[in-house]
Amino acid sequence: VLIVNYKKIMVKDIPKDLFSIFKNNEHYTVLYRQAKKPIKIKFPIILDENIAKISAMILDGSLSKNLRTVQFSQKKDPLKAKEFSSILESIFNIKVRIGCDKKGVYTATSSNRSLCAFLYYILDIYKCDENTKIPKWVYQSTRKVKREYLSYAFAMEGSIKDPSTGEREIRFHSCDYCHTQELKLFLKNEFDLNFAFRRYYVKDYGWKYYLYLNKDEEISKF
């Protein structure tokens, strides 16, 4: 049997100056000090592949700066909105709304402030007015969890050129310079993948950035 040593969050790890915690049968009721609605959690929380997925899927979503709403939106794969909501619902015992607009964009949304505060203060997920970042606990996790984070990050913001055109290239796209550089180092230090970096300017928008691989050996390793 393969035993994976996941990092864990225990009840004692939750700061009492930010959250009120009450034992309720098999769950703990956790209420953010500035919120009215709680979340219900089974401790310990295992920082596994599912939470790594949520941390990466926020690249196609946002955690509001006032910690009122967390949202995920995507058009290319409607099942991802369901997956995002299912993970949050299973861990925090809340209901996440799923909708679809006229353009076919599927959105999963929760307005639970206790959840938003937990994502920010405990799971180290960035707010929309902050630089994008890899959560600190991902660095301290197993290779399997790191791989899952990368898999979903590239599913959100990555692309692969069609080899039939004669070009082979894997890219990661971003509007955040700091996160692009952090991800470049993460890929090198953790997986020995040597992504190159480029930037380009879009009129009336600003700078955009991407990482890319185009050498056969590096592509095969990825």
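This note goes through a predicted model point by point, from its helices and sheet to its salt bridges and a hairpin.

1. Helix H1. Helix H1 runs over residues 49–57 and is mostly covered, since 8 of its 9 residues are buried. Those buried residues are Glu-49, Ile-51, Ala-52, Lys-53, Ile-54, Ser-55, Ala-56 and Met-57, a list in which the charged residues Glu-49 and Lys-53 appear beside Ile-51 and Ile-54. At the N-terminal end of H1, Asp-48 acts as a cap, with a side-chain oxygen that lies 3.1 Å from the backbone nitrogen of Asn-50.

2. What covers H1. The buried residues of H1 pack against three strands, namely E5 (45–47), E6 (61–63) and E7 (70–74), and also against the helices H2 (79–92), H4 and H5 (143–157). With H5 the geometry can be given in more detail: the axes of H1 and H5 come within 8 Å and cross at roughly 30 degrees, and the crossing is right-handed. On the H1 side the residues in this meeting are Glu-49, Ala-52, Lys-53, Ser-55, Ala-56 and Met-57, while H5 brings Lys-144, Val-145, Glu-148, Tyr-149, Tyr-152, Ala-153 and Met-156.

3. The four-stranded sheet. Strands E6, E7, E9 and E8 make up an open sheet of 4 strands, in the order E6-E7-E9-E8 and with antiparallel pairing. The edges are taken by E6 and by E8 (97–100), each of which has a single partner strand, so one side of each is left without a neighbour in the sheet. From one strand to the next the twist averages 15 degrees. Within the sheet, E7 pairs with E9 (residues 106–110) in the antiparallel sense over 5 bridges, and in this pairing Ser-73 stands opposite Thr-107 in E9. Helix H2 packs on the sheet, where H2 touches E7, E8 and E9, and the direction of H2 makes about 155 degrees with that of E7.

4. Thr-109 in strand E9. This residue of E9 counts as buried, at 10% relative accessibility. The side chain of Thr-109 is joined to that of Gln-71 by a polar contact of 3.3 Å. Leaving aside residues up to four places away in sequence, Thr-109 touches Thr-69, Val-70, Gln-71, Val-96 and Arg-97, so that Gln-71 appears both as a polar partner and among the residues touched.

5. Asp-124 and its two lysines. The model has 15 salt bridges, and Asp-124 takes part in one with Lys-133 at 2.6 Å, N to O, as well as in one with Lys-136 at 3.3 Å, N to O. Lys-136 lies in helix H4 (residues 136–139), whereas Asp-124 lies in the loop between helix H3 (113–121) and H4, so the pair ties together parts that are 12 residues apart in sequence. Are the three side chains buried or exposed? Asp-124 is buried, with a relative accessible area of 11%; Lys-133 counts as partly exposed at 27% relative accessibility; and Lys-136, at 55%, counts as exposed.

6. Arg-168 and Asp-216. A further salt bridge links Arg-168 with Asp-216, and here the closest N and O atoms are 2.9 Å apart. Arg-168 lies in the loop between strand E10 (158–160) and strand E11 (170–174), and Asp-216 lies in helix H7 (residues 216–221), so the pair ties together parts that are 48 residues apart in sequence. Both residues count as partly exposed, Arg-168 at 38% relative accessibility and Asp-216 at 46%. There is also a network, in which salt bridges that share partners join Lys-188, Asp-192, Glu-218 and Lys-221.

7. The E12–E13 hairpin. Strand E12 (residues 196–202) pairs with strand E13 (residues 206–213) in the antiparallel sense over 7 bridges, and across this pairing Phe-197 stands opposite Leu-211 in E13. The two strands form a hairpin with 3 residues between them. Which residue in the turn has a positive phi? That residue is Asp-204, with a phi of about 65 degrees.

How values were computed
Residues numbered from 1 in each chain as written. Predicted model: local features only at pLDDT ≥ 70, side-chain atom pairs only at ≥ 80, totals over all residues. Heavy atoms only, no water. Pairing = 2+ DSSP bridges. Salt bridge = Lys/Arg side-chain N within 4 Å of Asp/Glu carboxyl O. Buried < 20%, exposed > 50% of the residue type's maximum accessible area, 1.4 Å probe, protein only. Contact = heavy atoms within 4.5 Å. Polar contact = N/O pair within 3.5 Å; in protein donor to acceptor, adjacent residues only side chain to side chain. Axes fitted to C-alpha atoms, helices over the stretch in contact; angles between N-to-C directions. Left-handed = near helix turned anticlockwise from the far one by under 90°.
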